[in-house]
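Visitor: I should like to learn how to read the features of a protein model in an orderly way. May we take them one at a time, with the general idea preceding the particular case?

Guide: Certainly; let us place the model before us and begin.

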Amino acid sequence: MTRARIIGVGSYAPKRILTNADLEKMVETSDEWIFQRSGIRERRIADESEATSDLALRAAQQALERANLVPEDVEFIAVGTTTPDMFFPTVGNIVQHRLGCKNVGSVDLLAACAGSVYSLVFGCQLVQTGKYRRVLCIGAETLSRITDFTDRGTCVLLADAAGAAVLEAHDGDRGIIDFDLYSDGRYADLLYMPAGGSRHPATRETVDARMHYAKMKGSEVFKVAVRMFADCAERILSRNGVTVADVSLFIPHQANLRIIEAAVKRVGLPMERVFVNVDRYGNTGAASVYVALEEAIAAGRVRPGDLVLLAAFGGGFAWGAVLIRW
Ligand code: UT7
């Protein structure tokens, strides 16, 4: 059967580092509090000249190089992002043009921090149907642009980065073997950005009321996220007749180390088989799983034949998992 295989992964993070010590000078917080509650030490923040598509482009170029492909080989671009350069055109359009891809389709998918798995699954399905042979999947964010740097509950967590993966059609067992995507709007008010859309278009009042920033009820998100991670991981493994013992590496969305630890404890997966880089990047939304995958490969933690599980959750709520035979 035709499977979508990841043949190249790239990532890019802005150069500017914002440490917990820097944040101590901006809001009432401490390095100790941030590290103990979230596992984050530092994060990257885009400078004024960088928008989401700039980060996405760098990650995409690296992924294509590693796949030994040129932009003309790409047939479709699927981007997960919550922070596009503008409403439209999409980041997909901008990246397509700047890469120089010809005769391709592109789309942005908004699934908040689950945009990584949503974009990967979208690309996977285009490949599995036989319609396209090579799809470029990207997760890219400049979450700092929707972060209220006077709100200590969110500004210590959110950050900027991009990651990309090239999918190619292959016959055989290797590649994406299964996925699940979920959505539950019941939790919409736990994590959202109130203004800037058709409900509350930008006005002087919405700006004054700081409605163009992400709002979060952190501890409630925490509880639901742990359950979602654990449930979706267990369901995809059992449906495929495998157990946690078969999983070589779990690459979760990097939102908070405590969420990851609590979820894998429920599932029964030891931390040695979980990839974590939230300490250096913070929560980079739709980029995080791609960035973590890129680092896991570079660290030699993903080998041919390995069973790799990806999972992400985010505002909406939207969440999901992807199971890969590497
Ligand atoms: O992709 C999905 C994105 N979102 C998430 O993954 C977030 C999930 N939630 C979390 O990561 C955690 O809930 C947080 C890290 C946001 C907060 O940790 P917590 O253990 O749930 O703390 P809390 O919200 O219950 O707050 C405890 C205390 C509060 O003070 P009081 O009311 O007990 O006096 C907060 O006001 O900590 C206070 N607090 C802070 N203190 C120092 C909140 N933020 C900070 C801060 N520095 N940055």
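Visitor: Does A112 count as buried or exposed?

Guide: This is a predicted model, and its values are computed from the coordinates. Burial is judged by relative accessible area, with under 20% taken as buried and over 50% as exposed. A112 has 12% relative accessibility and therefore counts as buried. The residue lies in the loop between β5 and α5.

Visitor: What is the phi value of A112?

Guide: Phi of A112 is near 50 degrees, which is a positive value in a residue other than glycine. N103 presents another such case, with phi near 55 degrees. N103 sits in the loop between α4 and β5 (105–109).

Visitor: Is N103 buried or exposed?

Guide: N103 counts as exposed, because its relative accessibility is 83%. A112, by contrast, is buried at 12%.

Visitor: Let us turn to the peptide bonds. Which residues does a cis peptide bond with omega of about 0 degrees join?

Guide: That bond joins F88 and P89. P89 is located in the loop between β4 (76–80) and α4 (91–99). A cis peptide bond is also found between G316 and F317, where omega is about -10 degrees. F317 belongs to the loop between β12 (307–314) and β13.

Visitor: How many disulfides does the structure hold?

Guide: A disulfide is a covalent bond between the sulfur atoms of two cysteines. In a model, the test is whether two cysteine sulfur atoms lie within 2.5 Å. The structure holds zero disulfides. C101, for instance, is in no disulfide, and the nearest cysteine sulfur, that of C137, is 13 Å away.

Visitor: Is C101 buried or exposed?

Guide: C101 has a relative accessible area of 2% and is therefore buried. C113 is likewise buried, with a relative accessible area of 11%.

Visitor: Now for the overall division of the chain. Into which domains is the protein chain divided?

Guide: The chain is divided into domain 1 (2–173) and domain 2 (177–325). Their centres, taken over C-alpha atoms, are separated by 14 Å. The contact between them takes 55 residues from domain 1 and 46 residues from domain 2.

Visitor: I should next like to understand enclosed spaces. How many cavities of 30 Å³ or more does the structure hold?

Guide: For each cavity, one asks about its volume, then its lining, then the elements that supply that lining. The structure holds three cavities of 30 Å³ or more. The largest cavity has a volume of about 50 Å³. Its lining consists of F229, A233, L237, V244, F250, A263, V264, V267, L269 and L309. The elements that give two or more residues to this lining are α8 (218–239) and α9 (257–267). By class, the lining has ten nonpolar, no polar and no charged residues.

Visitor: Which residues line the second largest cavity?

Guide: S116, V117, L120, V289, Y290, L293 and L310 line that cavity, whose volume is about 40 Å³. Two or more residues of the lining come from each of α5 (115–128) and α11. Six of the lining residues are nonpolar, one is polar and none is charged. Both domains take part, since the lining draws at least three residues from each of domain 1 (2–173) and domain 2 (177–325).

Visitor: Let us finish with a pocket. How much space lies in the second largest pocket?

Guide: About 210 Å³ of space lies in the second largest pocket. It is lined by 14 residues, and the closest to its centre are I6, I7, G8, I297 and W326. The elements that give two or more residues to the lining are β1 (2–12), α11 (288–298) and β13 (318–325).

Visitor: Which element gives the most to the lining of the second largest pocket?

Guide: β1 gives the most, with five residues. By class, the lining of this pocket has seven nonpolar, two polar and five charged residues.

Visitor: From which domains does the lining of the second largest pocket draw at least three residues?

Guide: The lining draws at least three residues from each of domain 1 (2–173) and domain 2 (177–325).

Definitions and conventions. Residues numbered from 1 in each chain as written. Predicted model: local features only at pLDDT ≥ 70, side-chain atom pairs only at ≥ 80, totals over all residues. Heavy atoms only, no water. Buried < 20%, exposed > 50% of the residue type's maximum accessible area, 1.4 Å probe, protein only. 1 Å grid on protein atoms, 1.4 Å probe; cavity = no way out; pocket = protein on both sides within 12 Å on 5 of 7 lines; lining within 4 Å. Points joined across faces, edges and corners; volume = space filled by probe spheres on them. Helix = DSSP H or I, 4+ residues; strand = E, 2+ residues; numbered from the N terminus. Nonpolar A, V, L, I, M, F, W, Y, C, P; charged D, E, K, R; others polar. Contact = heavy atoms within 4.5 Å.
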